Amino acid sequence: MNQSSNTEKSFSPIEVKLESGKDYYWCTCGRSESQPFCDGSHKNTEFTPKKLSVSESKTAWLCTCKKTSNAPFCDGTHLKL
């Protein structure tokens, strides 16, 4: 399901270290102060965070513009906004 953020800002991706076996929750609303992760700011909105886990620890670039077609990973869409 593609949802668009209701924020007016444009964001660059954030590099994060993801640990194997750990669950992460990627912010889909754009309101979180803990970007790119959810801090609960979506409450009382139509947005729901996206659960993310990896099979092996790695570094990844996570989207903060919320327009990526490969959520939660950046696909460069922010460069076209």
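Here are three short exercises on the structure above, each with a worked solution.

This is a predicted model, where local features need pLDDT of at least 70, side-chain atom pairs count only at pLDDT 80 or more, and totals for chains, interfaces and linings use all residues. Residues are numbered from 1 along each chain as its sequence is written, and side-chain values use heavy atoms, leaving out hydrogens and water.

**Exercise 1.** Work out where Gln 35 is found and whether Gln 35 is buried or exposed.

*Solution.* Start with the place: Gln 35 lies in the loop between β2 and β3 (strands are DSSP runs of E, at least two residues, numbered from the N terminus). Next, check the area: Gln 35 has a relative accessible area of 18%. Buried means under 20%, exposed over 50%, partly exposed in between (1.4 Å probe, protein chains only). So Gln 35 counts as buried.

**Exercise 2.** Find the polar contact between the side chains of Gln 35 and Lys 66.

*Solution.* First, the rule: a polar contact is a pair of N or O atoms within 3.5 Å; within protein, one must be able to donate a hydrogen and the other to accept it, and residues adjacent in sequence count only if both atoms are side-chain atoms. Now the pair: the two side chains meet at 3.0 Å. Gln 35's side chain also reaches the backbone oxygen of Ser 32, at 3.3 Å.

**Exercise 3.** Do the same for Thr 77: place, burial and side-chain partner.

*Solution.* Thr 77 sits in the segment after β4. Its relative accessible area is 19%, so Thr 77 is buried. Finally, a polar contact of 2.5 Å links its side chain to that of Asp 75.

Notes
Helices (H or I, at least four residues) and strands (E, at least two) are DSSP runs, numbered from the N terminus.
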